[in-house]
Amino acid sequence: MNAAKCPLCGGPVQRIRRRFVDRILSLLRPIARYRCQSARCQWEGNLPRPR
Ligand SMILES: [Zn+2]
């Protein structure tokens, strides 16, 4: 099983607490909120949950 990666820099991402909108979205399709662990990048967003 592959861990999620940052879509911007390809670095490792950390799963973070979901927001309210994410719960709504996750009803439509399985997603999880992540944040990039790179200090330069700091990308945060939703990725499809790995199965
Ligand atoms: Zn990144």
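Biologist: Let's start with a single residue: where is C6 found?

Modeller: C6 is found in the segment before strand 1. Please keep in mind that this is a predicted model.

Biologist: What makes C6 count as buried?

Modeller: A residue is buried if 20 or more other C-beta atoms lie within 10 Å of its own. C6 has 20 such neighbours, so C6 counts as buried.

Biologist: Which residues does C6 touch, not counting those up to four places away in sequence?

Modeller: C6 touches G11, V13, C36, S38, C41 and W43. There is also a link in space to a remote part of the chain: C6 and E44 are 38 residues apart along the chain, and their C-alpha atoms are separated by 8.6 Å.

Biologist: G11 is on that list. Why is G11 called partly exposed?

Modeller: The label covers counts between the exposed limit of 12 or fewer and the buried limit of 20 or more. G11 has 13 C-beta neighbours inside 10 Å, so it is partly exposed. Like C6, G11 is found in the segment before strand 1.

Biologist: Which residues is G11 in contact with, leaving aside its neighbours within four places in sequence?

Modeller: G11 is in contact with K5, C6, C36, Q37, S38 and C41. For P48, 37 residues away along the chain, the C-alpha separation from G11 is 16 Å.

Biologist: Now the overall fold. How many helices and strands does the protein chain have?

Modeller: One helix and three strands. Read from the N terminus, their order is β-α-β-β.

Biologist: In what order do the strands lie in the sheet?

Modeller: The three strands form an open sheet in the order 1-2-3, with antiparallel pairing. Strand 1 (13-15) and strand 3 (44-48) each have a single partner strand, so they stand at the edges and one side of each is left without a neighbour in the sheet. On average, neighbouring strands are turned by 45° against each other, direction ignored.

Biologist: What makes strand 1 and strand 2 a pair?

Modeller: Two strands pair if there are at least two bridges between them. Three bridges join strand 1 to strand 2 (residues 31-36), so the condition is met, and the two run antiparallel. Two of the partnerships can be named: R15 is bridged to Y34, and Q14 to R35.

Biologist: And what makes strand 2 and strand 3 a pair?

Modeller: Against that minimum of two, strand 2 and strand 3 have five bridges, so they pair as well, again in the antiparallel sense. One of the partners in strand 3 is N46, which is bridged to R33.

Biologist: Which strands does helix 1 touch?

Modeller: Helix 1 (residues 20-28) packs on the sheet and touches strand 2 and strand 3. Its direction makes about 135° with that of strand 2.

Biologist: Let's look inside strand 2, where A32 is found. Why is A32 called partly exposed?

Modeller: A32 has 16 other C-beta atoms within 10 Å. That falls between the two limits of 12 and 20, so A32 is partly exposed. Not counting residues up to four places away in sequence, A32 touches R15, N46, L47 and R49. V21 is eleven residues from A32 in sequence and 11 Å away in space, C-alpha to C-alpha.

Biologist: Where is Q42 found, and what sets its backbone apart?

Modeller: Q42 is found in the loop between strand 2 and strand 3. Its phi is positive, about 60°, although Q42 is not a glycine.

Biologist: Why does Q42 count as exposed?

Modeller: Exposed means 12 or fewer C-beta neighbours. Q42 has 12 inside 10 Å, so Q42 counts as exposed.

Biologist: Finally, what radius of gyration does the protein chain have, and what would a compact globule have?

Modeller: With 51 residues, a compact globule would have a radius of gyration near 10 Å, and the protein chain has 11 Å, which agrees. The C-alpha atoms fill a box of roughly 30 × 25 × 15 Å along the principal axes. Buried residues make up 8% of the 51 residues. Among contacts with a separation of 6 or more, 39% are between residues 24 or more positions apart.

Methods:
Residues are numbered from 1 along each chain as its sequence is written. This is a predicted model: local features need pLDDT of at least 70, side-chain atom pairs count only at pLDDT 80 or more; totals for chains, interfaces and linings use all residues. Helices (H or I, at least four residues) and strands (E, at least two) are DSSP runs, numbered from the N terminus. Axes are lines fitted to C-alpha atoms, for helices over the stretch in contact, and angles run from 0 to 180 degrees between N-to-C directions. Two residues are in contact if their C-beta atoms, placed from the backbone, lie within 7 Å. The radius of gyration is taken over C-alpha atoms; the globule rule is 2.2 Å times the number of residues to the power 0.38.
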